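Dear colleague,

Please find below the structure that I am handing over to you. My findings follow directly after it, arranged by region.

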Amino acid sequence: MEEDEKYNSAVDTLSERVRRILLRVPQNIKASTTEIRLRAGKPLGIISSSRVLFVDHDGGVTMQPTQQAFTMTKTDMQDCFVSICGWAVHSHQREMTDGYISVRGGHRAGIAATAVMEDGKMTAVRDITSINLRVAREIFGSANQLIHRYLTDRLRGLLLIGAPASGKTTLLRDLARQLSSGQTGRYIKICVVDESGEIGAASGGLIQNDLGLCCDLLSGYSKAKGLQIAIRYLSPQLIICDEICTESEIDAIEMAANSGVAVVTSIHAGSFDEFSRKPQAKRLLQTGAFEYLVLLEGAERPSQISEVKRTGELCLSY
């Protein structure tokens with residue numbers, strides 16, 4: 001039932017017409033759906049158990065679109081977009097220039113649109129052509145292997161490496177919950193820097209996802225700013241954040257590592273070779289923040305560990 005509720009809470013952010021169709025989808029498909037794909041002029045799609053499925057007018061699903069497939073009109077796209085924004089589109093402009101919208105319930109909508117440029121800088125988006133609504137799921141126990149192997153005796157810096165939809169955020173969420181709730185035999189002071197709102201799903205001053213008893217949440221802060229605030233004012237033993245990318249974020253991680261604070265974070269790459277070719281790889285490893293690099297299986301087996309290396313074992317490609 002919990003998995004259905006997560007699906008339903010994501011669907012509830014869409015327009016009434018589209019919501020009505022998606023709520024008719026079979027229960028077993030709802031429980032394994034990770035993405036809802038909306039594309040103007042194209043069939044309504046969902047990703048369930050790593051399969052692309054198409055939804056018809058009655059909520060039935062097929063692996064190939066049929067004549068009965070529900071096609072998203074331009075009006076459907078506009079109505080869903082406004083609904084996802086909570087009828088306050090302008091309040092999400094900054095997020096949209098970064099390609100996403102934080103959605104209530106901890107879900108996140110990826111946005112494909114036309115960029116509006118002023119003086120060479122992207123200031124807004126228009127003409128939404130597709131939306132990828134990612135269903136945020138809490139999988140209790142998903143971080144068991146990570147915790148038992150690497151974080152029970154002492155806190156260590158970990159860098160999770162995985163392709164999109166490989167379960168990085170799910171692992172970070174469960175790791176925060178377990179460590180801050182004393183499930184390793186002691187309560188760890190955690191600070192989660194949740195720039196996109198996916199980890200904690202804060203709304204109206206309440207944290208909707210379970211991050212445990214001793215976790216502080218900085219929701220909506222940029223990772224660089226949030227890391228600085230956490231170190232200076234919240235005295236964490238461990239900081240958790242998602243999807244490290246920029247130089248300023250790496251600088252903040254280095255500051256944490258040199259302040260006696262462990263960091264667990266993630267980065268997009270489908271293999272150790274792909275990671276080693278990223279321009280951020282050398283700088284990340286030079287921070288000294290990470291003792292282990294954890295490679296995830298991928299979208300076919302989300303949140304499953306494929307391989308672990310010590311930082312010194314990785315040969316970087318320059």
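In this predicted model, Thr 170 lies in helix H7, which spans residues 168–180. The relative accessible area of Thr 170 is 14%, which falls under the 20% limit, and the residue is therefore classed as buried. Apart from neighbours within four places in sequence, the contacts of Thr 170 are Arg 137, Ile 139, Ser 142 and Ser 303.

I turn next to helix H8 and the elements around it. Helix H8 covers residues 223–234, and its buried residues are Lys 223, Ala 224, Gly 226, Leu 227, Ile 229, Ala 230 and Ile 231. These buried residues pack against three strands, E9 (190–194), E12 (215–219) and E13 (238–241), and against helix H9 (247–257). Just after H8, Ser 235 adopts a positive phi of about 45°.

Strand E9 deserves a separate paragraph. Five of its five residues are buried, so E9 is largely enclosed by the rest of the structure. In a regular strand, side chains alternate between the two faces of the sheet. In E9, Ile 190, Val 192 and Asp 194 are buried on one side, while Cys 191 and Val 193 are buried on the other, and both faces are thus covered.

What is the sense of the pairing between E9 and E12, and over how many bridges does it run? The two strands pair in the parallel sense over five bridges, and Val 192 has Leu 217 in E12 as its bridge partner. E9 also pairs with E13 in the parallel sense, over four bridges; here the bridge partner of Ile 190 is Leu 238 in E13.

Finally, the nonpolar cores. The largest one has 33 residues, of which Leu 22, Ile 36, Leu 38 and Leu 44 touch the most other members. The elements that each give two or more residues to this core are the helices H1 (2–11), H2 (16–22) and H4 (74–84), together with the strands E1 (33–39), E3 (51–55), E5 (100–103), E6 (107–118) and E7 (121–134). H4 supplies the largest share of this core, five residues.

Leaving out residues up to four places away in sequence, Ile 36 touches Tyr 7, Val 11, Leu 14, Leu 22, Leu 44, Gly 45, Ile 46, Ile 131, Asn 132 and Leu 133. A second core, separate from the largest one, holds 31 residues, among them Ile 161, Val 193, Val 263 and Leu 293. Val 193 is also one of the buried residues of E9.

With kind regards

Key. Residues are numbered from 1 along each chain as its sequence is written. This is a predicted model: local features need pLDDT of at least 70, side-chain atom pairs count only at pLDDT 80 or more; totals for chains, interfaces and linings use all residues. Side-chain values use heavy atoms; hydrogens and water are left out. Buried means under 20% relative accessible area, exposed over 50%, partly exposed in between (1.4 Å probe, protein chains only). Contact means heavy atoms within 4.5 Å. Two strands pair if DSSP finds at least two bridges between them. A nonpolar core is a set of buried Ala, Val, Leu, Ile, Met, Phe, Trp, Tyr and Cys residues joined through side-chain atoms within 4.5 Å.
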